[in-house]
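Let's take a walk through this model, going from a single residue out to the overall fold. Have the viewer open as you read.

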Amino acid sequence: MSTVEEQEHRRRHGRHFLIPAGALMGLGAGLIAGYPWPGIIIGIGLGFIAQGFLKPVGGTEPDSTSKHCYGHGEPWISLMIGLFLIIIGIGIIWAPVKIWPYIIGIMLIILGIMFAAKSLCKAS
């Protein structure tokens, strides 16, 4: 790969290593605690949240002529997915079986509304 291609690859994929890293750390912590599957889910959620907080590697800022939409250039999708996964993982361990499906349903509805708002903003 040329230098330009390497920089473009790093710019697009530089932060995504945190998701599998979170899954592995969550698996390790889950095995120690006796809850491997919820540990993986929580670890992936933490990876998404960490990915949302890291700044992209140079050149990913939108130009000043582009239309600024709700959520454009912000990490809200990664943060919402991470929060959703953490709530699911904790719910599997601590919440009664009758409560956590409602929590998951509410989070899915909120996430769907946010995706719809973003796509409607892009369309206009």
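Is alanine 29 buried, partly exposed or exposed, and what is its relative accessible area? Alanine 29 comes out partly exposed, at 45% relative accessible area, because buried would need under 20% and exposed over 50%. Bear in mind that this is a predicted model. Alanine 29 is found in helix H2. Ten residues further on in sequence from alanine 29 is glycine 39, and the two C-alpha atoms are 6.3 Å apart.

**The second largest pocket**

Ala29 and Gly39 turn up together again here: along with Gly26, Ile42 and Gly43, they are the residues nearest the centre of the second largest pocket, out of 18 that line it. Helix H2 (18-33), helix H3 (36-53) and H4 each give two or more residues to that lining. The space inside is about 210 Å³. As for chemistry, the lining has twelve nonpolar residues, six polar ones and no charged ones.

**Two helices side by side in a table**

H3 and H4 are worth setting out together.

| Helix | Residues | C-alpha end-to-end span | Expected span |
|---|---|---|---|
| H3 | 18 residues | 26 Å | 26 Å |
| H4 | 18 residues | 26 Å | 26 Å |

For H3, the end-to-end distance agrees with what 1.5 Å a residue should give. H4 is likewise close to its expected value.

Which residues of H3 are buried? They are Pro38, Gly39, Ile40, Gly43, Gly45, Gly47, Phe48, Gln51 and Gly52. The cover over them includes H2 and H4. On H4, the buried set is Trp76, Ser78, Met80, Gly82, Phe84, Leu85, Ile86, Ile88, Gly89 and Gly91.

**Where H4 meets its partners**

Start with serine 78, in helix H4. Why does serine 78 count as buried? Its relative accessibility is 14%, and the cut-off for buried is under 20%, so serine 78 falls on the buried side. Leaving out residues up to four places away in sequence, serine 78 touches Phe48, Ile49, Gln51 and Gly52.

Isoleucine 81 is in helix H4 too. At 21% relative accessible area it is partly exposed, because buried stops under 20%. Setting aside neighbours within four places in sequence, isoleucine 81 is in contact with Phe48 and Leu111. Phenylalanine 48 is 33 residues away from isoleucine 81 in sequence, yet their C-alpha atoms are 6.8 Å apart.

**The largest nonpolar core**

Which residues make up the largest nonpolar core? There are eleven: Ile19, Phe48, Trp76, Met80, Phe84, Leu85, Ile88, Ile104, Met107, Leu111 and Met114. Helix H4 (76-93) and helix H5 (100-123) each supply at least two of them. H4 gives the most, with five residues. Take Ile88 as one member of the core. Beyond its neighbours within four places in sequence, isoleucine 88 is in contact with Ile41 and Ile104.

**Stepping back**

The protein chain has five helices and zero strands, and reads α-α-α-α-α along the sequence. Of its 124 residues, 27% count as buried. Finally, look at contacts between residues at least 6 apart in sequence: 73% of these join residues at least 24 apart. The pair of isoleucine 81 and phenylalanine 48, 33 residues apart in sequence, makes a handy example to look up in the viewer.

Key
Residues numbered from 1 in each chain as written. Predicted model: local features only at pLDDT ≥ 70, side-chain atom pairs only at ≥ 80, totals over all residues. Heavy atoms only, no water. Core = buried A, V, L, I, M, F, W, Y, C linked by side-chain atoms within 4.5 Å. Buried < 20%, exposed > 50% of the residue type's maximum accessible area, 1.4 Å probe, protein only. Helix = DSSP H or I, 4+ residues; strand = E, 2+ residues; numbered from the N terminus. Contact = heavy atoms within 4.5 Å. 1 Å grid on protein atoms, 1.4 Å probe; cavity = no way out; pocket = protein on both sides within 12 Å on 5 of 7 lines; lining within 4 Å. Points joined across faces, edges and corners; volume = space filled by probe spheres on them. Nonpolar A, V, L, I, M, F, W, Y, C, P; charged D, E, K, R; others polar. Expected span 1.5 Å × (residues − 1).
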